[in-house]
Amino acid sequence: MDQAIGFDELRWLQELTLKTPKEAVPEVIGARLLTRGLIERKDGGFALTPRGRIAIAKLA
C-alpha cells in the first residue's frame with residue numbers, strides 16, 4: 001500500500017536532490033523515507049534512490 005508523502009518528507013526529498021549527502025535528516029522522517037525506499041544510507045549520510053527521484057519528479 002502506498003502512503004502519501006507529507007510536506008516535511010517532501011521538503012527533505014527536495015533537500016536530497018542536491019549533490020551533497022545530508023546527515024541532518026530528522027530521525028522520524030528519515031525512517032519513513034527509508035522504509036518506503038525513497039532514500040538510502042550512504043557513507044556521508046542519506047541519498048535519493050531512483051524511486052525517490054521518480055517521486056520528486058511526480059510531486060514537483
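Student: What does the accessible surface of the chain come to?

Tutor: About 4400 Å². Carbon and sulfur atoms own 54% of that surface. Keep in mind that this is a predicted model.

Student: And how much of the chain counts as buried?

Tutor: The chain has 60 residues, and 35% of them count as buried.

Student: OK, the fold. Which elements are there, and how do they run from the N terminus?

Tutor: You get three helices and two strands. Starting at the N terminus, the order is α-α-β-β-α.

Student: What share of the contacts with a separation of 6 or more comes from residues 24 or more positions apart?

Tutor: That share is 35%.

Student: Let's zoom in on α1. Which of its residues are buried?

Tutor: Four names here: E9, L10, W12 and L13. They sit on the same side of α1, because the arc they cover around the axis is only 165°.

Student: What do those buried residues pack against?

Tutor: The buried residues of α1 pack against α2, β1 (39–42), β2 (45–48) and α3 (50–59).

Student: Which exposed residues are on the face turned away from that buried side?

Tutor: F7 and D8 are the exposed residues carried by that face of α1.

Student: Hang on, there's a glutamate in the buried list. How buried is E9?

Tutor: Its relative accessible area is 3%. The cut-off for buried is under 20%, so E9 counts as buried.

Student: Which residues are linked with E9 in a network of salt bridges?

Tutor: R32 and R36 are the ones joined with E9 in that network.

Student: Take R32 first. How far apart are the closest N and O atoms?

Tutor: In the salt bridge between E9 and R32 they are 3.3 Å apart. E9 belongs to helix α1 (residues 7–15) and R32 to helix α2 (residues 27–36), so this pair ties together parts 23 residues apart in sequence.

Student: And R36?

Tutor: R36 also forms a salt bridge with E9, with the closest N and O atoms 3.1 Å apart. That pair again links distant parts of the chain, with R36 in helix α2, E9 in helix α1, and their positions 27 residues apart.

Student: Are the two arginines buried or exposed?

Tutor: R36 has a relative accessible area of 16%, so it is buried. R32 comes out at 41% relative accessibility, so it counts as partly exposed.

Student: How many salt bridges turn up in the whole structure?

Tutor: The search finds three. Besides the pairs with E9, E40 forms a salt bridge with K42, and the closest N and O atoms there are 3.4 Å apart.

Student: What about exposure for E40 and K42?

Tutor: E40 counts as partly exposed, at 31% relative accessibility. K42 is partly exposed too, with a relative accessible area of 46%.

Student: Switching to rings. How many aromatic pairs are there?

Tutor: The count comes to zero.

Student: And what sits over the ring of W12?

Tutor: The charged end of R11 does, at 4.7 Å from the centre of the ring. W12 is one of the buried residues of α1 that came up earlier.

Note on methods
Residues are numbered from 1 along each chain as its sequence is written. This is a predicted model: local features need pLDDT of at least 70, side-chain atom pairs count only at pLDDT 80 or more; totals for chains, interfaces and linings use all residues. Side-chain values use heavy atoms; hydrogens and water are left out. Buried means under 20% relative accessible area, exposed over 50%, partly exposed in between (1.4 Å probe, protein chains only). Contact means heavy atoms within 4.5 Å. Accessible areas come from the Shrake-Rupley method with a 1.4 Å probe; for residues, only the protein chains shown count as cover. Rings of Phe, Tyr and Trp (its six-membered ring) pair if their centres lie within 6.5 Å; planes under 30 degrees apart count as stacked, over 60 as edge-to-face and the rest as tilted. A charge sits over a ring if NZ of Lys or CZ of Arg is within 6 Å of the ring centre and within 35 degrees of the ring normal. A salt bridge is a side-chain nitrogen of Lys or Arg within 4 Å of a carboxyl oxygen of Asp or Glu. The arc is that of the directions from the helix axis to the C-beta atoms.
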